[in-house]
Every structure is written in C-alpha cells, then in structure tokens.
Amino acid sequence: MPADEYTLKQKISQMFITGFSGTEYNSNKYFKNLLKNALGGVIFFTQNIETKAQITELISNLKKEAVIPMFYSIDQEGGRVERTENIYGGKRYLSAKYAYEKGCDFLKTQTAQIAKELKTYGFNMNFAPVLDVNTNVKNPIIGERAFSSDTQDVISASKIVISEYINNGIIPVGKHFPGHGAAESDSHKTLPVIDIPYDEIYKFHITPFIAAIKNKIPAIMAAHVLYPALEKENIPASVSESIIQKLLIEKLKFNGIVITDDMEMNGIKGYSKIEACTKAINAGVSMFIFRDTNSEILTLIDDIEIAATKGLIEVKKIDSAFQKIISLKREFKIIR
C-alpha cells in the first residue's frame, strides 16, 4: 500500500483515533465525516458499550464503512480501568497490581481472557499494559493500575501481558512513557511535573519501556507530563522532540507507533490543538487520541494539512507515521 496512493489529508486522518458519545455513531456527523476521510482508529469508552451483541454489531458496522481498516481500541486494563462493566453489571477483572500479586499464572490467564473477549467483539488494540512504576504513594492516578512499585516486578509482569496480547491478536500499547509513576497529580486534570534526576528516571521508570521494546511491544503511549531532567523546555513529554524522537526512537531504538494520551486532557491544554499536534508530529508522534469527535477535529486535520504544505510540519514525518500505521495494521492482519 504505497503512500503515494493516498492524499496528504487521508494520511493525516490515519493519524487520528477518535471517539463519540453513546452507542451509535450515526448521530455524530463529524465522526461520519472522518470515517469518509480515512480515520485511523476509534476509541471506545464505557458509555459506548451496553451489551455483547450491541458492541459486536457496532464494530461490525464501522468495519463496513472504513476507507482503510481501522484500529478499534479500548482501555481495558482490568479493575479501575475497565470499559465493559455495563455488560457484566460491574468489574470482571482485577487491576494490574492485584492480578500480578495472585501470581504469574493468574496474570497470564486473565490477560488471555481479556484478549480473547476483546477479539470476539471486534477490538484489535488495547491501551495496556501500564508500564509505570508506582513509586509515589501520593500518586492519584496510577496506584493499582501499575503492576508494582518495584521496577523488576513491572518488567516481569509486563512481559507476560505483552506476549499474551500479541499471541491473541490484540495490539498492546505500553503506557505512559517515560513513566507516570512518580507523579503527585493527575494529567487528566493538570500538567504533572516529575522533577527527579535523570539517572533515577532512567533506572526506575524508563527501564520497563526498554524491556517492553525488547519484548516487541508494537505501540507506546506518550504522557502529558513534564520532566525537567529530560526536556529543557517547559513542555510535556507528548510533544517533546527530546523525549520522543531523541530518547524513545533514537536512543531506545523504538520503531513502532507512538500514540499520545488523550489530547482532550488538561495536561496538554496549555496549547491550541494545532500547536500541540504540530509540535508532536515534528517530535516523532505517530497518532493522536481525541475522545470526542467534533467540528474542531475536522478543522484540526485541515490545519495540519495547511501547516505541512507551508513547511511548518515535516511531510516526511507524516509519511513515516502513515507507513508505521499501515505496517502495524498489516502485521496484525487488520489490513490483508
């Protein structure tokens, strides 16, 4: 699927994973517009999922309308972050911490169960595992979502989870690079600052991502968190060339796709959408998550196209992102 077969706008549209309200997408005209223009993926939340039959039919209908086969993604970590609870009238799985504490066999079995269930409904991407090391007891957002406060335990657990997802045809997305575990605030609400020394960040927080890359993780999510030791500018990791391009891609040799955390979060609200996306693309980001599809997203895609034609965004970065996305879709037989 050569890149020159597609327009610049279609390539940019492939870089977006967006969502919509409710259990039907037809009522969102902006989402339908994106579908016609080669949207890259869809993210589903609890509000989108009511029953097994409903979510299976919803994804099946979306597959029929996709210009290029899409990523059907979800945050299905288990426990605190579990999007299928309407199906079961509550949580079905344990959070990462408690699943790992029950032993490696339990963690492997639960992960395989999650993966097979997601596959049955039509999903092909899960924003898991959490690779954060929960070193700060005051952390309001990670906690039991992390396997452990010990780096080696996180590495051991994540190896099992990555393998089980890949073996069951689900794309695992490791998060939140370069590590959210030492934060004292929630990037959904504000821009957290993790002001600890470089050596400490690298040894305790980046090491699980290094291990995940060795274990062939195909995608990594970048955090809306500020790391003064890694980036001299006052900008979050998700738009930092020093952290994405120079550290993750060049130093750690990660060749997969880099996805931002939700661009609607307050951790990135210090920038306009076009400013944030311009910085992120130039920094090496491959895809963006926007949980709500509205007119601003359509305008944003047009603005990115204009910025690229003016040289404010490197077109080669868009081409590279597009090729990585297509390659991953082929690898997981989303595109056949």
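# Notebook: barrel, helix packing and backbone oddities

I began with the backbone and noted that Pro-178 lies in the loop between S5 and H8. The model I am reading is a predicted one, and in this model the peptide bond from Phe-177 to Pro-178 is cis, with omega near 5 degrees.

I then looked up a second proline, Pro-129, and found this residue in the loop between S4 and H7. The peptide bond that leads into Pro-129 from Ala-128 is also cis, with omega near 10 degrees. I wrote both bonds down because most peptide bonds are trans, just as most residues other than glycine have a negative phi.

On the matter of phi, I checked Lys-216, which is not a glycine and yet has a positive phi of about 70 degrees. I placed Lys-216 in the loop between H8 and S6.

Next I turned to the sheet. I traced a closed barrel of eight strands in the order S1-S2-S3-S4-S5-S6-S7-S8, and the pairing is parallel. I followed one of the pairings in detail: strand S1 (residues 16-18) and strand S2 (residues 41-44) are joined in the parallel sense over two bridges. For Ile-17, I noted Gly-41 as the bridge partner in S2. On the outside of my strand list I then added helix H9 (residues 241-251), which packs on the sheet and touches strand S5 (171-177), strand S6 (219-222) and strand S7 (257-262). The direction of H9 makes about 120 degrees with that of S5.

Staying with H9, I asked myself which residues form its contact with H8. Helix H8 (residues 198-214) and H9 pack at an angle of about 50 degrees, and their axes are 12 Å apart. H8 and H9 are therefore oblique to each other, and I recorded their crossing as right-handed. From H8 the contact takes Tyr-198, Tyr-202, Ile-206 and Ile-213, while H9 contributes Leu-247, Leu-248 and Lys-251. Sorted by class, this contact of H8 with H9 has six nonpolar residues, no polar ones and one charged.

I went on to another helix pair, H10 (residues 273-283) and H11 (residues 295-309), which pack at an angle of about 50 degrees with their axes 10 Å apart. These two helices are therefore oblique to each other, and H10 passes H11 in a right-handed crossing. On the H10 side I listed Lys-273, Ile-274, Cys-277 and Ile-281, which meet Glu-296, Ile-297, Leu-300, Asp-303 and Ile-304 in H11. By class, I have six nonpolar residues, no polar ones and three charged for the contact of H10 with H11.

Last, I went through the aromatic rings, and the structure holds eleven aromatic pairs. I opened one of them, Tyr-100 with Phe-147, which is edge-to-face, with 6.4 Å centre to centre and 75 degrees between the planes. I put Tyr-100 in helix H5 (residues 96-101), whereas Phe-147 is in the loop between strand S4 (125-126) and helix H7 (151-167). The two residues are 47 residues apart, and I noted that the pair links distant parts of the chain. The loop that holds Phe-147 runs between S4 and H7, and I had already found Pro-129 in the loop between S4 and H7.

How values were computed
Residues numbered from 1 in each chain as written. Predicted model: local features only at pLDDT ≥ 70, side-chain atom pairs only at ≥ 80, totals over all residues. Heavy atoms only, no water. Axes fitted to C-alpha atoms, helices over the stretch in contact; angles between N-to-C directions. Helix = DSSP H or I, 4+ residues; strand = E, 2+ residues; numbered from the N terminus. Parallel < 35°, antiparallel > 145°, perpendicular 65-115°, else oblique. Left-handed = near helix turned anticlockwise from the far one by under 90°. Contact = heavy atoms within 4.5 Å. Nonpolar A, V, L, I, M, F, W, Y, C, P; charged D, E, K, R; others polar. Pairing = 2+ DSSP bridges. Phe/Tyr/Trp six-rings, centres within 6.5 Å; stacked < 30°, edge-to-face > 60°.
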